[in-house]
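Student: I should like to work through this model with you, one question at a time. May we begin with its overall make-up and then turn to its sheets and charged pairs?

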Amino acid sequence: MDPEYEKRLLRQRNGQMSPFGTPNMSPLVSPGKKIYGDRFIPARASACWGINFDLLQDNTKTPTSIRKTKDANSDSAKDGLAYSCLLKNELLQAGIEDLKDVQLEDNKVLCPKQSRNLFRYHVPRRSTDSCEYSPYSLSPVGSKSQKLLRSPRKAVRKISKIPFKVLDAPELQDDFYLNLVDWSSQNVLSVGLGTSVYLWSACTSQSVDQVTRLCDLSTDDDTVTSVSWSERQGNQVAVGTHKGNVQIWDVAVTKKLTTLEGHNARVGALAWNGDILSSGSRDRLILQRDVRTPSIVPERKLAGHKQEVCGLKWSPDHQHLASGGNDNKLFVWNLTTTGPLQTYTDHQAAVKAIAWSPHQHGLLASGGGTADRCVRFWNTLTGQPLQTVDTGSQVCNLAWSKHSNELVSTHGYSQNQILLWKYPSLVQIAKLTGHSYRVLYLAMSPDGEAIVTGAGDETLRFWNVFSKTRSTKESKSVLNLFTRIR
């Protein structure tokens, strides 16, 4: 007998080798080494596999929120979602009829009311719709998928990144505390350039040749520091000057109606409330006067700011006035008292950008200067702060859309950009660039679709940022008291 064969037989009899030839653990095998048998038994410890066709996860470092924002509005993402649902209908009988019923979690498509177990044993029920199993159907897909393909798709909103018009504005001052651009309800733009106020009609003007000059303050050795149109009297414009005066002009007849005195320093902020005009000055005072009878009705002085007043805005219901100053404070006043009702001190820089929401009662937005860079939202009904977003640069202006819950902000140091935000998610919808200096001036067209921005680069740029289509969803907010009335 062969000696080697005899040794193998002895090892089998001593228990070192299984009679069936299957290797077992022996002293010759190290304890840490794993030996596999000849039977393949799959491990089903985790049977809840997500039903999707792209099992490979995205390993990029892009945050989930940013990835959702980029993918949610793209055509390819929506087409991919529709295609994935179509495959589910045809291969897994998911029964998806509308893309609105599909949930999206971290780029995974989940069928409505569907288990996430991949191996489900069931007999698909035959549909009562004859076209799904009809051998004479001309469509290669079932009835559910046909309804899915016919479901309405929301149009993708596209915002142009370039202005549709650019006008030269020589001598447009690069001063953060001034307000030199405003757009009237009659679609006329007023701009303060040096010592003069110029008018440009957006209705008829096709070139800068149709710009007209309203007034010239050089004869008084004065300069323009603010302009503001009256909403009630669309042909009246208020002009604040460096010497502290406020002139009221009728543009229909190109005539100065009156001159309001009272400030001893430049007037950088103006705000109309019917026939009542509020003016904020470097002398730290806010004066409220009736332009119809300025010499008969006494003026109201609002004292509270410790430095220059650079922002003024009346609420949509005309009951409250918000003011911002170089003392980093934001005040809210009413029509009767001479002291502020509310004081907000969270900003760390000058507060020029102020905007009341036209959609939610009592919602106020404000922006801080270079040392702050934040847009903050306030519930003026309760006096509580709501949300804050750091924009990364000086906030110069804020304006809410008239038709949707969105707002636009313009910025200075160091981005010089225009940002469009969705509220209350505060998702950045668009970023517009083009100005080479701080975007210090902002005004909105009367139809609420376009805005005009001005900067120290001595240009005015017109942008289409808002949609005229009013949102069909009613805003749900605790600030809207009228929704709680039964």
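**Overall make-up**

Tutor: The secondary structure of this protein, a predicted model, comprises five helices and 30 strands. Please put your questions in whatever order suits you.

Student: What percentage of the residues of the protein count as buried?

Tutor: A residue is counted as buried when its relative accessible area is under 20%. The protein has 486 residues, and the share that meets this condition is 43%.

Student: What share of the accessible surface belongs to carbon and sulfur atoms?

Tutor: The accessible surface of the protein amounts to about 27500 Å². Of this area, the part belonging to carbon and sulfur atoms is 51%.

Student: Among contacts between residues at least 6 apart in sequence, what percentage join residues at least 24 apart?

Tutor: The count takes contacts in the protein between residues at least 6 apart in sequence. Within that set, the portion joining residues at least 24 apart is 48%.

Student: How many disulfides does a search of the whole structure find?

Tutor: A disulfide is a covalent bond between the sulfur atoms of two cysteines. C85 is buried at a relative accessible area of 0%, and C310 is likewise buried at 0%. For disulfides, the search of the whole structure returns a count of zero.

**Sheets**

Student: Which strands are the edge strands of the open sheet with the order β8-β9-β10-β11?

Tutor: This open sheet has four strands with antiparallel pairing. An edge strand here pairs on one side only, which applies to β8 (224–229) and β11 (255–260). The twist from one strand to the next averages 25 degrees. The edge strands are therefore β8 and β11.

Student: Which residue in β9 is the bridge partner of V224?

Tutor: β8 pairs with strand β9 (residues 236–241) in the antiparallel sense, over five bridges. In β9, the residue bridged to V224 is T241.

Student: In the open sheet β24-β25-β26-β27, by how many degrees are neighbouring strands turned against each other on average?

Tutor: The four strands of this sheet pair in the antiparallel sense. Its edges are β24 (395–400) and β27 (427–432), each pairing on one side only. With direction ignored, the average turn between neighbouring strands is 20 degrees.

Student: Which residue in β27 stands opposite L420?

Tutor: Strand β26 (residues 418–422) runs antiparallel to β27, and five bridges join them. Opposite L420 in β27 stands A430.

**The enclosed strand β18**

Student: Why is β18 described as largely enclosed by the rest of the structure?

Tutor: L330, V332 and N334 point one way from β18, while F331 and W333 point the other way, and all are buried. Strand β18 (residues 330–334) is largely enclosed because the number of its five residues that are buried is five.

Student: Which residue in the hairpin of β17 and β18 takes a positive phi?

Tutor: Strand β17 (residues 320–325) pairs with β18 in the antiparallel sense over five bridges, and G324 stands opposite L330. Four residues lie between the two strands of the hairpin. The residue with a positive phi near 70 degrees is N328.

Student: Which residue in β19 is the bridge partner of L330?

Tutor: β18 also pairs with strand β19 (residues 342–344), in the antiparallel sense and over three bridges. In β19, L330 is bridged to Y344.

**Charged pairs**

Student: How far apart are the closest N and O atoms in the salt bridge of R266 with E308?

Tutor: R266 lies in the loop between β11 and β12 (267–273), and E308 in the loop between β15 (300–303) and β16 (309–314), so the pair, 42 residues apart, links distant parts of the chain. Both R266 and E308 are buried. Their closest N and O atoms are separated by 3.0 Å.

Student: Which residues are linked with R266 in a network of salt bridges?

Tutor: The search of the whole structure finds 12 salt bridges. In the network that contains R266, the linked partners are D175, R282 and E308.

Student: Is E299, which forms a salt bridge with R289, buried or partly exposed?

Tutor: The closest N and O atoms of R289 and E299 are 4.0 Å apart. R289, in strand β14 (residues 285–290), is buried at a relative accessible area of 6%. E299, in the loop between β14 and β15, has a relative accessible area of 33%, so it is partly exposed.

Notes
Residues numbered from 1 in each chain as written. Predicted model: local features only at pLDDT ≥ 70, side-chain atom pairs only at ≥ 80, totals over all residues. Heavy atoms only, no water. Disulfide = S-S within 2.5 Å. Buried < 20%, exposed > 50% of the residue type's maximum accessible area, 1.4 Å probe, protein only. Axes fitted to C-alpha atoms, helices over the stretch in contact; angles between N-to-C directions. Contact = heavy atoms within 4.5 Å. Areas by Shrake-Rupley, 256 points an atom, 1.4 Å probe, with all protein chains shown as cover. Salt bridge = Lys/Arg side-chain N within 4 Å of Asp/Glu carboxyl O.
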